[in-house]
Amino acid sequence: MNTLVRRLCLAALLAACRRDPPAAGDVPPCHRRHGDASTAAVAPLPGASLFHLEGAWSDQAGAPFRFASLRGSPAVILMFYGTCQAVCPILIGDTLRLEAALAPAARARTRFVLVTFDPGTDTPERLRALAAERGMDLSRWSLVRGADGDVRALATVLGVQYSRVGPRDFTHSNVITVVDPQGVVARQVEGLRQPVDAAARAIEALSP
Amino acid sequence: MRALAAALAALVTHAAGALAQATPPDMRAIRGGTYAPFYRLTARPTVTVAAFLLDARPVTEGQFAAFVRAHPAWRRGRVVALFADPGYLAHWPDADGPSVSADPARPVTRVSWFAARAYCESVGRRLPTEAEWEFVARASETAPDAPRDPATVARILAWYGRTGAAPPGPVGAGRPNVWGLHDLHGLVWEWVEDFNSALVVTDSRDNTGPGAARFCGAASLGARDTGDYAAFMRYAFRQSLRGAYTVHNLGFRCARDLTPGAPR
């Protein structure tokens, strides 16, 4: 119940944000406190934390999603697009392989976030279908979409390069990113079908 | 007859007003077009740019100082490390004070992509896309599409070849190109929204190593027009950047959609 109330409050805050966009550069009131109330009072975020990123994101259920909600957990972030035939299914497979390589305790506290390059095509329905098809545990996995400018900003902080080269086609770099519980990039796996054991050990070493 | 003349005059005034409203005095309206960029994509050999508005000049230190005063989160001493590296505005005397530039007429440099974006957003504009910027950069002083005009190319390459960290001169000093745009070449490099596009593989000789694995679709890329060395230099430079980087000769200008919501 408490969680529900908190979520409703967060939704209201987010709605307020969107109605009255803050002047660029200023930290709007709704972002001064982070979404997860249990961590709102702890030390300020490190400067390199990607939780400083703003943006109106939503998940596979169509519910608001905030990267700051990952605070306190190690997280794995992958940018992809759903209509990709060749590479993205492999990258998603690599990320699932990383999940499977984790010790059970670490797996239970790690969050996995897939962010689409193509929010127009990757609707919540398609994201849910992808999650079901690939057997993703939605208590740990979020499939997220955002506005083009926010996707570009996230790609920029992750060092992911991409371009739209057709109506439903993108060229992009293949990068799986591990962030620590404060949102700072801890490790990146570049390329396809790379070994994931080192990344798994790095996640296990991250204390919450 | 007099009524007709008055009506016509009103109409003309109205049309002029609408046009003036569409194009602020510090921007230029760029008629869209299609061009073949120097790189070639199997899926997209040409690039089409919709009509848009672009600042006639790079954003100046004076303009950026006013922005920083209004938005203290972008002061040098306060900016979040994720959004700007330690070189941000390093040449300004004052880290956390009223933010006064020593030379307000020169283009602002040592600003990150995030800072450039925030500035444009603060004035109701956005960064130009790479396709938009490269489209207008093809113009000479007399023609909209002259990427191989020998005099223009020679001038651009001479500037690219110049080394040293001398501060740039004031904006708008040189002759504008055919669009009425100043300083696209010869003063500072400029940020674009999608500077981290994946159009150029960092090292194309490495087709089998990690470079090939890192990119989806890398095999479909290739240089189309090796004569357009200036464009190659710009793409290569952009690929070397990260969003928080600041560089002594990298500034920006802002753009705006001509038709709100038009695809770009």
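## A buried arginine in chain B

The side chain of B:Arg253 reaches the backbone oxygen of B:His182 at 2.7 Å. A second polar contact of B:Arg253, at 2.8 Å, is made with the side chain of B:Glu190. These distances, like every value below, come from a predicted model.

B:Arg253 sits in the loop that connects β8 (250-251) and β9 (255-257) of chain B. The relative accessible area of B:Arg253 is 0%, and B:Arg253 therefore counts as buried, the limit being under 20%.

## The three-stranded sheet of chain B

The strand β9 that follows this loop belongs to an open sheet of three strands in chain B, ordered β1-β5-β9 and paired in the antiparallel sense. The edges are taken by β1 (27-30) and β9 of chain B; each has a single partner strand, so one side of each has no neighbour in the sheet. From one strand to the next, the twist averages 25 degrees.

Three antiparallel bridges link β5 (residues 52-55) of chain B to β9(B). B:Leu54 has B:Ala255 in β9(B) as its bridge partner. Helix α4 (residues 130-137) of chain B lies across β1, β5 and β9 of chain B, and runs at about 75 degrees to β5(B).

## B:Thr246 and its surroundings

B:Thr246 is found in the loop between α7 (229-239) and β8 of chain B. With a relative accessible area of 14%, B:Thr246 falls under the 20% limit and so counts as buried.

Two polar distances involve the side chain of this threonine. The side chains of B:Thr246 and B:Asp85 are joined by a polar contact of 2.6 Å. A polar atom of the B:Thr246 side chain also lies 3.5 Å from the backbone nitrogen of B:Tyr88. Leaving out residues up to four places away in sequence, B:Thr246 touches B:Asp85, B:Gly87, B:Tyr88, B:Arg110, B:Val111 and B:Ser112.

## The nonpolar core

Which residues have the most contacts inside the largest nonpolar core? They are A:Phe67, B:Phe64, B:Tyr88 and B:Phe252, in a core of 109 residues. Helix α3 (residues 113-122) of chain B gives the most to this core, with seven residues. In soluble globular proteins, nonpolar side chains tend to be buried together.

B:Tyr88 touches B:Thr246, and its other contacts beyond four places in sequence include B:Phe64, B:Val68, B:Trp74, B:Val79 and B:Ala115. Three arginines, B:Arg75, B:Arg76 and B:Arg110, are also among the residues touched by B:Tyr88.

## The five-stranded sheet of chain A

Chain A contains an open sheet of five strands with mixed pairing, in the order β5-β4-β3-β8-β9. Its edge strands are β5 (141-144) and β9 of chain A; each has a single partner strand, so one side of each is left without a neighbour in the sheet. Ignoring direction, neighbouring strands of this sheet are turned by 20 degrees against each other on average. Helix α3 (residues 88-101) of chain A packs on the sheet, touching β3 (75-80), β4 (111-116), β5 and β8 of chain A, and its direction makes about 170 degrees with that of β3(A). Helix α5 (residues 124-133) of chain A packs on the sheet as well, where it touches β3 and β5 of chain A; its direction and that of β5(A) make about 145 degrees.

At the β9 edge, strand β8 (residues 175-179) of chain A pairs with strand β9 (residues 185-190) of chain A in the antiparallel sense over five bridges. A:Val175 stands opposite A:Glu190, and A:Val179 stands opposite A:Val185. The hairpin of β8(A) and β9(A) has five residues between the strands, and A:Gly183 takes a positive phi near 90 degrees there.

## The two chains overall

Chain A has seven helices and nine strands, and chain B likewise comes to seven helices and nine strands. Buried residues make up 50% of the 208 residues of chain A and 47% of the 264 residues of chain B.

Among contacts between residues at least 6 apart in sequence, those joining residues at least 24 apart account for 72% in chain A; the corresponding share in chain B is 77%. Chain A exposes about 8,900 Å², with 55% supplied by carbon and sulfur atoms. For chain B the accessible surface is about 12,400 Å², of which carbon and sulfur atoms hold 59%.

Notes:
Residues are numbered from 1 along each chain as its sequence is written. Chains are lettered from A and ligands numbered from 1 in the order in which they are written. This is a predicted model: local features need pLDDT of at least 70, side-chain atom pairs count only at pLDDT 80 or more; totals for chains, interfaces and linings use all residues. Side-chain values use heavy atoms; hydrogens and water are left out. Helices (H or I, at least four residues) and strands (E, at least two) are DSSP runs, numbered from the N terminus. Buried means under 20% relative accessible area, exposed over 50%, partly exposed in between (1.4 Å probe, protein chains only). Contact means heavy atoms within 4.5 Å. Accessible areas come from the Shrake-Rupley method with a 1.4 Å probe; for residues, only the protein chains shown count as cover. A polar contact is a pair of N or O atoms within 3.5 Å; within protein, one must be able to donate a hydrogen and the other to accept it, and residues adjacent in sequence count only if both atoms are side-chain atoms. Two strands pair if DSSP finds at least two bridges between them. Axes are lines fitted to C-alpha atoms, for helices over the stretch in contact, and angles run from 0 to 180 degrees between N-to-C directions. A nonpolar core is a set of buried Ala, Val, Leu, Ile, Met, Phe, Trp, Tyr and Cys residues joined through side-chain atoms within 4.5 Å.
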